[in-house]
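Me: I'm new to this model and would like to learn how to read its features. Please start wherever you like.

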Amino acid sequence: MANNVWVSLGTDGLYASTNSGNTFSKIQGVQNSKLFAFGKAKPGNLVPAVYVYGTVNNVNGFFRSDDMGAIWNNIGPLGTGIGLGNEPQIMAADRQIYGQVYVGTNGRGMYVGSIE
C-alpha cells in the first residue's frame, strides 16, 4: 500500500491514488462517501479492509470491501438510525480485529459492528 492515498469527496464519491496523490481514480460504485476507514485485512489478504458509510451501488448504508473497492459488501443498515438526523459523525475500523468497525454518532453514543 505504499504511495496509496484515498480521499472522500462526499456526493462525488471516493477516490484513490497509487502514486502519492499525483493522479486519482474514482472508486466505482461509490456514489456518496460520507465516511470511510481502513481496518485489518481479511485473513489471507494482503490489503486492508475498507469501510464506507454512504451510497454504494445506489444503496445507502454501511459497506466493507476486502479488495480495495472492487466489490462492496453491505454490512448494514442498522434499521434504527444512527445519531440525530441519522448522520454518524466519525468512523474507525479496528486494525487488530478483522471485520470490526466503530461508528460515533451525534447523540446516540457509539455503535460497534462486528462479523462475529
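Reply: Let's start with Ala-70, which is found in the loop between strand 6 and strand 7. Strands here are DSSP runs of E with at least two residues, and helices are runs of H or I with at least four, numbered from the N terminus. Keep in mind that this is a predicted model: local features need pLDDT of at least 70 and side-chain atom pairs 80 or more, while totals for chains, interfaces and linings use all residues. Residues are numbered from 1 along each chain as its sequence is written, and side-chain values use heavy atoms, with hydrogens and water left out.

Me: Is Ala-70 buried or exposed?

Reply: Ala-70 is exposed, because its relative accessible area is 61%. The scale runs like this: buried is under 20%, exposed is over 50%, and partly exposed is in between (1.4 Å probe, protein chains only). As for its surroundings, Ala-70 and Gly-29 are 41 residues apart in sequence, yet their C-alpha atoms are 8.5 Å apart in space.

Me: And where is Trp-72?

Reply: Trp-72 sits in the loop between strand 6 and strand 7 too. With 11% relative accessibility, though, Trp-72 counts as buried. Going C-alpha to C-alpha, Trp-72 is 7.6 Å from Val-56, with their places 16 residues apart in sequence.

Me: What should I look for in the backbone angles?

Reply: Most residues other than glycine have a negative phi. Met-68 is not a glycine, but its phi is positive, about 60 degrees; this residue lies in the loop between strand 6 (59-65) and strand 7 (73-74). Ser-20 also has a positive phi, near 60 degrees, and belongs to the loop between strand 2 (14-17) and strand 3 (25-26). Since its relative accessible area is 47%, Ser-20 is partly exposed.

Me: Which residue is 18 residues from Ser-20 in sequence and 8.2 Å away in space, C-alpha to C-alpha?

Reply: That's Ala-2. Ala-2 belongs to the segment before strand 1 and counts as exposed because its relative accessibility is 63%.

Me: How do I read aromatic rings?

Reply: You describe a pair of rings by the distance of the centres and the angle of the planes. The cut-offs: rings of Phe, Tyr and Trp (its six-membered ring) pair with centres within 6.5 Å, and planes under 30 degrees apart are stacked, over 60 edge-to-face, the rest tilted. A search of the whole structure turns up 3 aromatic pairs. In one of them, the ring centres of Trp-6 and Phe-38 are 5.3 Å apart and the planes are at 85 degrees, so that pair is edge-to-face. The pair links distant parts of the chain, with Trp-6 in strand 1 and Phe-38 in strand 4 (residues 30-39), 32 residues apart. Trp-6 counts as buried because its relative accessibility is 11%, and together with Phe-36 and Phe-38 it forms one aromatic cluster.

Me: What about charges?

Reply: Side chains of opposite charge can pair when their charged atoms come close. A salt bridge needs a side-chain nitrogen of Lys or Arg within 4 Å of a carboxyl oxygen of Asp or Glu. The whole structure has 1 salt bridge: the side chains of Arg-64 and Asp-66 meet at 3.4 Å, N to O. Both residues are buried.

Me: How far away is the nearest side chain of opposite charge to Asp-94?

Reply: It is Lys-40, 7.9 Å away; Asp-94 is buried yet has no salt bridge. (Lys and Arg count as positive, Asp and Glu as negative; His and the chain ends are left out.) Asp-94 lies in the loop between strand 8 (90-93) and strand 9 (101-104), and a polar atom of its side chain is 3.0 Å from the backbone nitrogen of Ile-97.

Me: Which side chain makes a polar contact with that of Asn-60?

Reply: The side chain of Thr-55 does, at 2.4 Å. A polar contact is a pair of N or O atoms within 3.5 Å; within protein, one must be able to donate a hydrogen and the other to accept it, and residues adjacent in sequence count only if both atoms are side-chain atoms. Thr-55 is in strand 5 (residues 49-56) and is buried, because its relative accessible area is 13%.

Me: Where is Glu-87 found?

Reply: Glu-87 is in the loop between strand 7 and strand 8. At 31% relative accessibility, Glu-87 counts as partly exposed.
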